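Q: Hello! I would like to learn how to read a protein structure, one feature at a time. Could we look at one together?

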Amino acid sequence: MSYRNQFHHHRLRIHRVRDPNHYPPYFQFATLRELMRTRTVLVIGFVVLFSGLPSASAVTWQVQMLDSINSIRAEKSLMPLKMCQPLVNSAQNYAKKMALQDFLDHTGKDGSTPGSRIQKAGYDWMNPKKGSMIAENIAAGQNSVVEVMKGWRKSKSHYKNMVTPEFTHVGFGMAINQRAKYKKYWVQNLGFGATC
C-alpha cells in the first residue's frame, strides 16, 4: 500500500436540523509559546500563528488550488466557487490537527466531524432557512497542489464533491509535519446555504 496518495472524502447534506447540538465541537488551541516549548516541527501554508495576514507562499498555493477547482468546474459549465473565510479557517485548523496528531481521518481525535468543525468555524450551515450542504476532501502525502488536485480529480467521490453544482463556497487548508507519517496534509471544505 502506498502511503503517498491517501485520500478521503466526506459529504453531508442537511435541510433541517432538529438538534443543532448533536455535533458538539471541541477545540483546544495551543499558544505560540506552548508550540515553541514542545518544539513541534510544523510549517503551515496559511501562517496565522505569526501574523494576521497569510504569507506570500500561502496566498500562492491557495490561489492555485482555487484556480484548479474552478477550472474543473468550468469544464462542466458550473459557476466558480468563492473563497469563504470560515471554510478556510475550518480547513486550515483541521489540516494542522491532522499533521500535529499524525493521523488522516474525517473524524478528529476529539470526536469532531466535518459538519461540527465547519459550523464551529462560523459557516452556519446547520441553521439555514433553505437547504444547505457541506463536503470535505482530505488527503496526505502529496507534495504540491497539482499532485493533490490530480488525485482528487481521479477519485470518483472527491471529484463529485468538487463538481457538485450547488456548492458556492470553498476553503483550503494545508499543514506540514516532518515527523508525521504522511508529512503534508490537505483539506478542502465546500459548502452552500450559509453566509461567509
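A: Gladly. Let's start with one pair in a sheet: in strand E5, the bridge partner of lysine 82 is histidine 169. Please keep in mind that this is a predicted model.

Q: In which sense do strand E3 and E5 pair?

A: Strand E3, residues 82–83, and E5 pair in the parallel sense, over 2 bridges. E5 also pairs with strand E6, which spans residues 184–192, and there the sense is antiparallel, over 8 bridges. To find a spot in that second pairing, look at alanine 175, whose bridge partner in E6 is tyrosine 185.

Q: How many residues of strand E5 are buried?

A: A residue counts as buried when its relative accessible area is under 20%. In E5 (residues 169–176), 8 of its 8 residues are buried. Both faces are covered: His169, Gly171, Gly173 and Ala175 lie on one side, while Val170, Phe172, Met174 and Ile176 lie on the other.

Q: What comes between E5 and E6?

A: A loop that includes lysine 183. Lysine 183 has a phi near 70°, a positive value in a residue other than glycine. With 35% relative accessibility, lysine 183 counts as partly exposed.

Q: Now the wider view, please. How many helices and strands does the protein have?

A: The secondary structure comes to 6 helices and 6 strands. Along the sequence, they follow the pattern β-α-β-α-β-α-α-β-α-α-β-β. The protein has 196 residues, and buried residues make up 48% of them.

Q: How do I read the sides of a helix?

A: Here is the general idea: an α-helix has 3.6 residues a turn, so residues three or four places apart point the same way. Now take helix H5, residues 145–154, where the buried residues are Val145, Val148, Met149, Gly151 and Trp152. Viewed down the axis of H5, these buried residues fall within an arc of 160°, so they line one face of the helix. On the other side of H5, you will find Val146, Lys150 and Lys154 exposed.

Q: Where is glutamine 142 placed, and what does its side chain reach?

A: Glutamine 142 sits in the loop between strand E4 (132–140) and H5. Its side chain reaches the backbone nitrogen of alanine 140 at 3.2 Å. Glutamine 142 is buried, with a relative accessible area of 0%.

Q: How many residues of H3 are buried?

A: In H3, 12 of the 17 residues are buried, so the helix is largely enclosed by the rest of the structure. Among the buried ones are Leu87, Val88, Ala91, Tyr94 and Met98. You can check the length of H3 too: residues 85–101 reach 24 Å from the first C-alpha to the last, close to the 24 Å expected at 1.5 Å a residue.

Q: Which residue follows H3?

A: H3 is followed by aspartate 102. This residue is found in the loop between H3 and H4. Its phi is near 55°, a positive value in a residue other than glycine. Aspartate 102 is partly exposed, with a relative accessible area of 36%.

Q: Is lysine 109 buried or exposed?

A: Lysine 109 is exposed, with a relative accessible area of 57%. It is found in the loop between H3 and helix H4 (114–120). From C-alpha to C-alpha, lysine 109 and methionine 98 are 8.8 Å apart in space, and they are 11 residues apart in sequence.

Q: How should I read aromatic rings that meet?

A: A pair of aromatic rings is described by the distance of the centres and the angle of the planes. With ring centres required to lie within 6.5 Å, the count here comes to 3 aromatic pairs. In one of them, the rings of tryptophan 61 and tryptophan 186 have centres 5.7 Å apart and planes at 80°, so the pair is edge-to-face. This pair links distant parts of the chain, 125 residues apart: tryptophan 61 is in helix H2 (residues 56–75) and tryptophan 186 is in strand E6. Both tryptophans, 61 and 186, are buried.

Q: What is the arrangement of tyrosine 94 and phenylalanine 103?

A: Their ring centres are 6.1 Å apart and their planes are at 80°, so the pair of tyrosine 94 and phenylalanine 103 is edge-to-face. Tyrosine 94 and phenylalanine 103 are buried. Finally, look at arginine 117, which lies over the face of tyrosine 94, at 3.4 Å from the ring centre.

Key:
Residues numbered from 1 in each chain as written. Heavy atoms only, no water. Buried < 20%, exposed > 50% of the residue type's maximum accessible area, 1.4 Å probe, protein only. Helix = DSSP H or I, 4+ residues; strand = E, 2+ residues; numbered from the N terminus. Arc of directions from axis to C-beta. Polar contact = N/O pair within 3.5 Å; in protein donor to acceptor, adjacent residues only side chain to side chain. Pairing = 2+ DSSP bridges. Expected span 1.5 Å × (residues − 1). Phe/Tyr/Trp six-rings, centres within 6.5 Å; stacked < 30°, edge-to-face > 60°. Lys NZ or Arg CZ within 6 Å of the ring centre and 35° of its normal.
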